[in-house]
Amino acid sequence: MKKKLMITAAAVLSTFSATAQILEPVKWSYAAKRTSPTEAVVFIKATIESGWHVYSQFVKDGGPVKTTITFAPSKNYTLIGNTIEPAPISRMEKVFNMEVGFFENSVIFQQKVKLKTAQTTVSGKLEYMTCNDQKCLPPEDIDFSIPVK
């Protein structure tokens with residue numbers, strides 16, 4: 001009897017663990033490209049699963065959590081201007097009762113940097129939120145390090 005109960009419990013637990021799924025609809029990747037001996041551009045790319053979207057950096061207060069990219073201060077580089085993004089898709093979102101800009105499939109954020117050394121690593125943190133037509137996942141913070149050679 002005990003053996004039968006244990007087998008049943010194991011089968012139930014394996015069913016739960018097989019159906020429990022961690023959603024990760026956004027994958028981030030990073031790169032850098034020198035544009036001159038003293039300047040470079042760093043690229044922060046979100047690859048977004050179909051049906052999901054990531055919000056622009058320029059969402060107004062009262063809306064979803066906007067994408068925020070913060071660069072760590074460094075003696076090896078300085079930022080040139082602000083982080084740029086392509087034109088987002090924009091639509092009225094009933095949940096927030098406002099027009100909201102977002103990206104589907106993929107988006108690349110770009111930041112120019114002035115280099116003070118031959119090689120460095122540009123690091124920082126990004127915060128973003130992702131939603132689909134049925135739900136939003138909690139905002140996520142991700143640390144990044146991008147080597148510039």
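The paragraphs below go from the confidence of the model to its cores and then to one of its sheets.

This is a predicted model, in which local features need pLDDT of at least 70 and side-chain atom pairs count only at pLDDT 80 or more, while totals for chains, interfaces and linings use all residues. Residues are numbered from 1 along each chain as its sequence is written, and side-chain values use heavy atoms, with hydrogens and water left out. The protein chain has a mean pLDDT (the predictor's confidence in each residue, from 0 to 100) of 89, with 86% of its residues at 70 or more. Residues 1-19 have pLDDT below 50 and, beyond near neighbours in sequence, make 0 contacts (heavy atoms within 4.5 Å) in the model. Where pLDDT is low, the predicted coordinates should not be read in detail.

The largest nonpolar core (buried Ala, Val, Leu, Ile, Met, Phe, Trp, Tyr and Cys residues joined through side-chain atoms within 4.5 Å, buried being under 20% relative accessible area with a 1.4 Å probe, protein chains only) has 25 residues, and W28, I44 and L126 have the most contacts inside it. Among the strands (DSSP runs of E, at least two residues, numbered from the N terminus) that give two or more residues to this core are β1 (26-36), β2 (39-48) and β9 (120-128), and β2 provides the largest share, 5 residues. Leaving aside neighbours within four places in sequence, I44 touches residues including W28, I69, F109, L126 and F144. A second, separate core of 8 residues includes V59, M98, V100 and F102.

An open sheet of 4 strands runs in the order β6-β7-β3-β10 with antiparallel pairing, where pairing requires that DSSP finds at least two bridges between two strands. Its edge strands, β6 (89-93) and β10 (130-131), each pair on one side only. β6 joins β7 (residues 98-103) in the antiparallel sense over 5 bridges, and M98 in β7 is the bridge partner of E93.

Notes. Buried < 20%, exposed > 50% of the residue type's maximum accessible area, 1.4 Å probe, protein only.
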